[in-house]
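I opened a new structure today and kept notes as I went. Here they are, in the order I looked things up.

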Amino acid sequence: MAVGQNLPPTAPAPNANAAPKRQLQAVRLTQPIKLDGLLDEAQWQEAPIATDFIQNRPNPGPREKQPTEVRVMYDDAALYVGAVMHETSADSIMRELTARDDLGNTDFIAIFLDTYNDKLNGYSFFITPGGVQLDARYSPASGEDFAWNAVWDARTALRGTDWVVEMRIPYSAIRFSAVPEQLWGLNFMRRRKRDNQDFFWNEVKPEADGFVNQWGQLQGIRDIKPPLRLSLTPYVSTYLNHYPYQEQGVRNTSFSFNGGADIKYGINESFTLDATLVPDFGQTQSDNVVLNLTPFEVQYNENRQFFTEGTELFNKGNLFYSRRVGAQPVGFYAVNGQLREGEQLVKNPGETRLLNAAKVSGRTSKGLGIGLFNALSNDVYATVRDSTGQERDVLTQPFSNYNIVVLDQSLKNNSYVSLVNTNVTRWGQTYDANVTGGLFRFADKKNAYAIDGQVVYSRRRGKSFASDADVNNQDGFKYLVGVGKISGNFTWKVSHGIESDTYDSNDLGLLLSNNSIEQAIDFNYNKYKPFWKVNNMYTYWGISNEVLYSPRRYRSVELYGGGNTTFTKNFMTVGGNFDASPRRHDYFEPRVSPLGRLYVRVPANVGGSMFVSSDYRKKLAYDISLSGRYYAQDRGRPNRTGLGIGISPRYRVSNQLTFRYDLSWSRQDNQIGYAGGMSSQEPLDELYLDESVLGRRRVVTVTNTVSGSYTFNNRMSFTIRTRHYTSNVHYYDYLRLLEKGQEEAIDYRRNRDTSFNAFNVDAVYSWWFAPGSQISVVWKNAGSSFLTADKATPLYFDNLTNTVNTPHSNSLSIKVLYYLDYLMLKRKGI
């Protein structure tokens, strides 16, 4: 019986700062094993052991005192991992239960696999003592991406003072080359939550750049073939929706039934097709809607699983904003301009329903990653009605095709080159858009220094929607290049970038603003080992300068810095940051064209924030933050100030029940901002129709969020989240903006005061009744109010009462997904 061995490295490590690479030999199974978490089959005892883990946090370097033993076996269908985590007592094993992919106050063991051994991309599979599964992908574009989900299985058991894990990872869950003998990157990680300690089998040094490149190696897997990866996940869903329209002829309650499917097909050993047919995203979490007073759009999180899972290639260069697919129709705000005399708007859908979406992605044995994404959406129409009751449809979104192509070549020394192309093609009399970008990163052999950058060209052709005018921003470009030291306690980077005034990637990407030239110098100094009374220290500081690209005009200079540390005894984390800048010119707030003619003066200011996070191992834990900003006196304006407070306590009643409360409050006094209307469709008074009118205002925003979760077992959970958001704007006086930042007081009579409220409840019951198969029951409640002028109220409880009494939409839905795997059905003879 083999005791196990950690063989010495056969070659020098590629990174002078990284630890030598350990190797582990996998053993082929000769008899089937039962997945029960007991490891009582004789073959487990014959497999080599990976042990002697090395601490990564809080004190990098020491060997583990409570041993970990991991073994790896394989057969023609799957990889098997058996692990024993020794402890001093059963009470030392932390094991909070959570929903899948949600890591709570618990220990875990994880395996990391770099199946192409390119030292850039990898997979991980986590399991907790309670049997909760997590999985993630690793890539230069997305970092650690827990949105990725695979179908695999695991069992856990408590045996005396130890806890034991048995995993089965089918080859259909990963991708690898069709070669006679595999050589995979490999690492294991153990977390001992009792002492807040993390350990890796192959040492991961925090001062060395990269993560996947610091893994060891898995050897001995021979004569396996990438399987036919074919699975079908059909779904059926039903919705009961209610909204109190209280209108003659309009039903308050509606019922709908939907059906569709997700398909995964392994084209070959490297590439997989993922497709969703007639997708249903109605159960995704509600957006955190806010009042937007800025000239830029709000970026919302992507909650649709198809667009978060396995998208690391498509995120290269940040040219893809998945919320554009199925977003608000391009002609949503153009309907009013197409109304005939006597007509009124009856219905105007705010989302575009997708017909289907598909993506092909993978990486060859030579390190070439290829990604193809395509989605189709149908025509969208608004409904208008004339005085006789006659209705007609007005097109707001033509049939559209969204497409992305990515080529990503992995190179030696943690380097790569990439090509990304995004395209939106719309049928009919409107415009199409195309963006092409090249990206690169080159590091030296010691992985100590690197240069990276990107060059992007945008192109738009055709007519503006519902117009005979040519679309604007027809050709534009941007580039960014940086060079710096990437490993060690002290690192630095110098960067320079340009975005032309006509660069526009917003049809399938997210660009808040263009027309910029920016330079920055950034420094970091970190201490990874304990000293004094703290476990570590992370610091950063730098300076940046920004000017308009066209015309060349000053925008801002900023000095910034910050840091954080964790205390050794109580594991309290504290940190903060600051920034300071002389007077800044804001060319975007006036919202006039051409850019550069007018700007709003932002006086010299200094701001900062600090936070405290307590030890999350305690039943009662909290996060507290405080921020503030002070502005210098500016040409007789009243002093401008800003203050923000955040409080977030959480209480763990048991390993199954947890509650959390989040309060966020902010106040900005004497803020100077655009007052020409909260909607681009709202005209100014005729006297100021061609002017940029500013308002001096007070903005108070409060967000209250209460959430709770109860986890029945590792496959069944219930969560509820309630959020109330209110933002109140009160204008003191108004100004006309003149050339060179000058302002002139005016007698502007319109009351622009605003109170915006949003209320949401998301309650989700989820049961994973089989691997990859799920039943979910979701209740969603949503309501909002937008009060202006004399109806606006600054009082919080008045706003809360108003929000509760506002008509709310309610949706109760049930969705069933069933995972069908071809290989599983074949083995069962189906």
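**Lysine 478.** Before calling anything covered, I needed the cut-off: a residue is buried when its relative accessible area is under 20%, exposed over 50%, and partly exposed in between. I also kept in mind that this is a predicted model. Is lysine 478 buried or exposed? Its relative accessibility is 15%, so lysine 478 counts as buried. I found lysine 478 in strand β27, which covers residues 475–485. Then I asked which residues lysine 478 touches, leaving out those up to four places away in sequence. My list reads Gln454, Val455, Val456, Ile498, Glu499 and Tyr503.

**The whole chain.** Next I zoomed out. I got 4 helices and 45 strands for the secondary structure of the chain. The radius of gyration is 29 Å, close to the 28 Å that the globule rule gives for 830 residues, so the chain is as compact as a globular protein of that length. I also took the span of the C-alpha trace along its principal axes, and wrote down about 90 × 65 × 50 Å. How much of the chain is buried? I noted 48% of the 830 residues. For the accessible surface I have about 37,900 Å², with 55% of that belonging to carbon and sulfur atoms. I looked at contacts too, taking those between residues at least 6 apart in sequence: 64% of them join residues at least 24 apart.

**The annotated domain.** I checked the UniProt record, an unreviewed entry, and it lists "domain: Carbohydrate-binding" for residues 36–192. Over residues 36–192 I get 3% helix and 45% strand. The C-alpha atoms at the two ends of that stretch are 23 Å apart.

**Strand β8.** I picked β8, residues 133–139, for a closer look. How many of its residues are buried? I counted 7 of 7, so to speak a full row, and put it down as mostly covered. Gln133, Asp135, Arg137 and Ser139 point one way from β8, and Leu134, Ala136 and Tyr138 point the other way. Residues on both sides are buried.

Then I went through the strands that pair with β8. On one side I have β7, residues 122–127, which runs antiparallel to β8 and is joined to it by 6 bridges. Serine 124 stands opposite alanine 136 of β8. β7 and β8 make a hairpin with 5 residues between them. In that turn I noticed glycine 131, which has a positive phi of about 85 degrees.

The other partner I wrote down is β9, residues 143–145, antiparallel to β8 with 3 bridges. Glycine 143 in β9 is the bridge partner of serine 139. This pair is a hairpin as well, and 3 residues link β8 to β9.

**Strand β39.** I moved along to β39, residues 693–713. Why call β39 largely enclosed by the rest of the structure? Because 15 of its 21 residues are buried. β38, residues 657–674, is antiparallel to β39, and 16 bridges join the two. Isoleucine 672 stands opposite arginine 696 of β39. I also followed β39 into β40, residues 716–737, where the pairing is antiparallel over 20 bridges. Here serine 707 faces arginine 721 of β40. The hairpin between β39 and β40 runs through 2 residues.

**Salt bridges.** Last job of the day. How many salt bridges are there? My count came to 45. I looked up a few of them.

- Arginine 100 and aspartate 101 meet through their side chains at 3.1 Å, N to O. Aspartate 101 has a relative accessible area of 22%, so I put it down as partly exposed.
- Arginine 304 and glutamate 302 form a salt bridge at 2.8 Å, N to O. Arginine 304 is buried at 10%, and glutamate 302 is buried at 17%.
- Aspartate 507 and arginine 426 meet at 3.1 Å, N to O. Aspartate 507 lies in the loop between β28 (490–499) and β29 (516–527), while arginine 426 is in β24 (residues 415–426), so the pair ties together parts that are 81 residues apart in sequence. I found both aspartate 507 and arginine 426 to be buried.

One more entry: Glu87, Arg190, Arg192 and Asp195 are joined into one network by salt bridges that share partners.

Methods:
Residues are numbered from 1 along each chain as its sequence is written. This is a predicted model: local features need pLDDT of at least 70, side-chain atom pairs count only at pLDDT 80 or more; totals for chains, interfaces and linings use all residues. Side-chain values use heavy atoms; hydrogens and water are left out. UniProt positions are given in the numbering used here, feature names are shortened, and annotations may be inferred rather than shown by experiment. Buried means under 20% relative accessible area, exposed over 50%, partly exposed in between (1.4 Å probe, protein chains only). Two strands pair if DSSP finds at least two bridges between them. Contact means heavy atoms within 4.5 Å. A salt bridge is a side-chain nitrogen of Lys or Arg within 4 Å of a carboxyl oxygen of Asp or Glu. The radius of gyration is taken over C-alpha atoms; the globule rule is 2.2 Å times the number of residues to the power 0.38. Accessible areas come from the Shrake-Rupley method with a 1.4 Å probe; for residues, only the protein chains shown count as cover.
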